[in-house]
Each structure stands twice: as C-alpha cells, then as structure tokens.
Amino acid sequence: MIYALNLYDIVEGEESTYKKYVALATQQLAGIDAKAVASGTQPIKQLKGKTRQHMLIMQFGQIEDFDLFMQRLNEQHLHQLRETSTDNYIWTVYQNWDLKAWLQSS
C-alpha cells in the first residue's frame with residue numbers, strides 16, 4: 001500500500017476548472033486499486049512553512065496503480081487542467097509505514 005499526499009491552493013477564479021479536473025481525474029481511477037482516504041481545507045494552524053489551503057491523501061494498492069493513474073491522466077491531457085487551476089502544488093508518494101511495529105523494534 002502507498003499513499004499520495006497532495007498539498008495545494010486553488011487559483012482564485014479557477015474553481016470550476018479544478019472541479020472539472022477532479023471529476024475527470026476521478027473517472028481515470030476505474031479499475032485501479034485506489035481511493036481517497038482524507039481531504040481537508042482551511043488549515044486551522046500554520047505550524048511552519050507555507051500553508052496550502054487544501055490537502056488530499058490518496059491510497060493506492062501499489063506503485064503500479066499510481067503509475068497507471070498518472071499514465072491515464074497523461075493520455076487524457078488532464079495535467080493542464082490541474083496546472084491551470086492550482087498553485088503551490090506538492091505531490092509526494094509514500095510507502096506505508098507500520099509505525100507501531102517500528103516503535104516496538106529494537
């Protein structure tokens with residue numbers, strides 16, 4: 001299992017473009033082991049660094065599922081919609097980390 005963390009701002013006036021991107025990108029998940037596990041907006045506290053107004057965490061079964069999703073986005077030319085409608089975008093993919101097991105290891 002892997003997780004994709006997205007932190008970003010929606011460009012003012014481009015909300016409808018971002019909604020279109022999300023709707024079309026969601027369609028590209030058909031048949032892929034993936035799901036949104038958390039989303040958030042309007043940060044409550046800024047702890048350090050530059051705050052982004054939106055976050056999304058996606059779970060993928062394996063890196064190949066993520067790669068297939070990215071391939072589909074490329075084939076459908078959907079990245080341009082995201083790039084037009086968002087700013088300060090950070091998209092990072094992480095491996096699952098069993099924190100409890102890690103803490104218990106010697």
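Me: Does serine 85 count as buried or exposed?
Reply: In this predicted model, serine 85 counts as buried because its relative accessibility is 0%, and the cut-off for that label is under 20% relative accessible area.

Me: Where is the place of serine 85, and what does serine 85 touch?
Reply: Serine 85 belongs to helix α3, which covers residues 79-85. If residues up to four places away in sequence are not counted, serine 85 touches Asp9, Ile10, Val11, Glu14, Thr17 and Tyr18.

Me: And histidine 79, which helix is that in?
Reply: Histidine 79 lies in helix α3 too. Histidine 79 is classed as buried because its relative accessible area is 13%, and, not counting residues up to four places away in sequence, histidine 79 touches Met70, Leu73 and Asn74.

Me: Okay, stay with methionine 70 for a second: where is methionine 70 found, and what is methionine 70 in contact with?
Reply: Methionine 70 sits in helix α2, and, once its neighbours within four places in sequence are left aside, methionine 70 is in contact with His79 and Trp91. The C-alpha atoms of methionine 70 and leucine 29 are separated by 9.8 Å, although these two residues are 41 residues apart along the chain.

Me: Let's zoom out. How many helices and strands does the chain come to?
Reply: The chain has 4 helices and 4 strands, and, read along the sequence, these follow the pattern β-α-β-β-α-α-β-α. The C-alpha trace spans about 50 × 35 × 15 Å along its principal axes.

Me: What order do the strands of the sheet have?
Reply: The 4 strands form an open sheet with the order β2-β3-β1-β4, and the pairing is antiparallel. The edge strands are β2, residues 34-41, and β4, each of which pairs on one side only. From one strand to the next, the twist averages 15°.

Me: Which helix packs on the sheet?
Reply: Helix α2, residues 63-75, packs on the sheet and touches β1, β3 and β4, and the direction of helix α2 makes about 150° with that of β4.

Me: Over how many bridges do β1 and β3 pair?
Reply: Strand β1, residues 2-10, and strand β3, residues 54-60, pair in the antiparallel sense over 7 bridges. Within that pairing, tyrosine 8 stands opposite histidine 54, while leucine 7 stands opposite methionine 55.

Me: And β1 with β4, how many bridges there?
Reply: Strands β1 and β4 pair over 8 bridges, again in the antiparallel sense, and here tyrosine 3 stands opposite tyrosine 94 in β4.

Me: Different topic, the surface. Which residues form the nonpolar patch?
Reply: The patch is formed by Trp97, Leu99, Trp102 and Leu103, which together have about 500 Å² of accessible area. Tryptophan 97 lies in the loop between β4, residues 86-95, and α4, residues 99-104.

Me: Why does tryptophan 97 count as exposed?
Reply: Tryptophan 97 counts as exposed because its relative accessibility is 54%, and the cut-off for exposed is over 50%.

Me: What does the chain expose in total, and what part of that do carbon and sulfur atoms supply?
Reply: The chain exposes about 7500 Å², of which carbon and sulfur atoms supply 52%. Buried residues make up 25% of the 106 residues.

Me: Back to the backbone: what is the phi of glutamine 42?
Reply: Glutamine 42 has a positive phi of about 50°, although the residue is not a glycine. Glutamine 42 is in the loop between β2 and β3, and glutamine 42 is exposed because its relative accessible area is 60%.

Me: Same question for asparagine 88: what is its phi?
Reply: Asparagine 88 is not a glycine either, yet its phi is positive, at about 55°. Asparagine 88 lies in strand β4, and asparagine 88 is partly exposed because its relative accessible area is 24%.

Me: Last one: of the contacts with a separation of 6 or more, what percentage comes from residues 24 or more positions apart?
Reply: Residues 24 or more positions apart account for 79% of those contacts in the chain.

Conventions. Residues numbered from 1 in each chain as written. Predicted model: local features only at pLDDT ≥ 70, side-chain atom pairs only at ≥ 80, totals over all residues. Heavy atoms only, no water. Patch = residues over 30% accessible without salt bridge, like charges linked within 9 Å, V, L, I, M, F, W, Y side chains within 5 Å. Areas by Shrake-Rupley, 256 points an atom, 1.4 Å probe, with all protein chains shown as cover. Salt bridge = Lys/Arg side-chain N within 4 Å of Asp/Glu carboxyl O. Helix = DSSP H or I, 4+ residues; strand = E, 2+ residues; numbered from the N terminus. Buried < 20%, exposed > 50% of the residue type's maximum accessible area, 1.4 Å probe, protein only. Pairing = 2+ DSSP bridges. Axes fitted to C-alpha atoms, helices over the stretch in contact; angles between N-to-C directions. Contact = heavy atoms within 4.5 Å.
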